Amino acid sequence: MNGTRAWLVWGVGVFAYLVAITQRTSFGVAGLAATDRFSATASALSAFTVIQLIVYAGLQIPVGVMVDRFGPRIMIATGAALMAVGQLQLAAAESVPAGVVGRIFVGAGDAMTFIAVIRLIPLWFPSRRVPVLTQLTGQLGQVGQLISIVPFAFVLHHGGWSQAFVGLAALGLLACVLAAALLRNAPPGAPAATTKRSFRETGTDLGTAWRQPGTRLGLWSHFATQFSGTVFVLTWGYPFLVSGEGLTPATASVLLSLFVVVGIICGPFLGSWVGRHPLRRSTMVLAVTIAITAVWLAVLLPSGPAPLWLLVLLVLVLAIGGPASMIAFDFARTFNPSHRIGTATGIVNVGGFFAALVTMYMVGLILDLLNGAGVFSGGLYSLDAFRVAFSFQFIVLGIGIAGVVASRGKVRRAMAERGERVPPLRVALADNRRRRSQFRSEQRQERQERQERRN
Ligand SMILES: N[C@@H](Cc1c[nH]cn1)C(=O)NCC(=O)O
């Protein structure tokens, strides 16, 4: 494998994903400017984000199939081009429908990027490197959010709407050109990364990927770990922290930026842990999901504002959900043959975004209903209203945990039929401790022997 070339391909892939995250998150930063430009109500504005995410989630499976059929390069380049077209449309739009069309293009291009980028990794790198590089790709991509928050917001407020969105279109075009020029689907001489399948065979592949219990374990893992953080960052976190908990906008922004930092720090650790303990991946997923449930209970159960340290802890735990959700793609990769990984990854990636969309909608609906019925004084975004509305997440978390446990059971039964047994966690931990202490005593003995020889 050509090392420099592999790193170049990975670098271009990460850049394309980072640009996709910038395009995805840019509208959140432009909320106030959009209200002025389109003279739109709050619910019309939320349609921009919701429709974009519906397009993104709806395209995951077809895009996964296309990644297997056409390879990552063309998908990444086409995705970047679509996002550039979408942002140009938004730069020119002066009505809500025209703006929504722009966001549909952005959602479609965004949908093509991540699955294709992580498909490149096992094609270019040895398998021992794949978990850490997959994690790093996911986390470095999130830096795109910071580009939306700082330079994009600066151009928007000082240069104006059209300049800011034309700038994003230029970034998309740059990603498209780099992908077309520098990406290759596989190293020279390696087996082809694409498979020509008939329509019928594609349908069969899709069914086979879905029936594979490991794919469903991936879907539920993504569902359980990712949605709460996504809802917090993309929609309800900021109003909850500022209007509900009474933090200043500056403190709330710092807390939201922590998501990116925590992901970058924790991602590589989680990736290397997954590489070393492949039989404990679902245990890690469950541990993170239970931690998310526990921290939300701690924040929502007591009446009155939560102390700042608890809100920081909430953000840290929700942020760890990001790297933990990347374990889901490891299930897709390791339980499916190479020609079905794109399809399986597409299925897995629906989980977290579907759960996030339902939760975003339900939290909004519950807030509206409580406000309409005048249940709490303090208005739409009062802390008590948020405490009730955010409790909807416990239903989704419960469904996620049940899904992970049930699909893990199926995976383990299938493994047992092949003669592979997963030892209980207690036994595995004891075994680990025994091996570590044996390793340490061997090292001690070796040092002693060396010392004796020197004397
Ligand atoms: N799990 C996310 C990526 C992530 C990593 N840290 C925080 N988020 C994911 O599913 N990504 C898919 C995408 O298109 O972004």
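Which residues have the most contacts inside the largest nonpolar core? Here is a short tour to help you find them.

1. Before you start: this is a predicted model, in which local features need pLDDT (the predictor's confidence in each residue, from 0 to 100) of at least 70, side-chain atom pairs count only at pLDDT 80 or more, and totals for chains, interfaces and linings use all residues. Residues are numbered from 1 along each chain as its sequence is written. The chain averages a pLDDT of 91, and 99% of the residues score at least 70.

2. The core: Ala16, Ile76, Ala80, Ala175 and Ala179 have the most contacts inside the largest nonpolar core, which has 128 residues. Such a core is a set of buried Ala, Val, Leu, Ile, Met, Phe, Trp, Tyr and Cys residues joined through C-beta atoms within 7 Å; buried means 20 or more other C-beta atoms within 10 Å of a residue's own, with C-beta atoms placed from the backbone. Helix α5 (residues 96-124) brings the largest share, 14 residues. Helices here are DSSP runs (H or I, at least four residues), numbered from the N terminus.

3. Helix α4 (residues 72-92): 17 of its 21 residues are buried, so α4 is largely enclosed by the rest of the structure.

4. The ligand: residues around it (C-beta atom, placed from the backbone, within 6 Å) include Phe114, Gln139, Gln226, Ser325 and Asn349. α13 (308-325) is one of the helices that supply at least two residues of this shell, and α13 gives the most, with three.

Conventions: A residue is buried if 20 or more other C-beta atoms lie within 10 Å of its own, exposed if 12 or fewer, and partly exposed in between; C-beta atoms are placed from the backbone.
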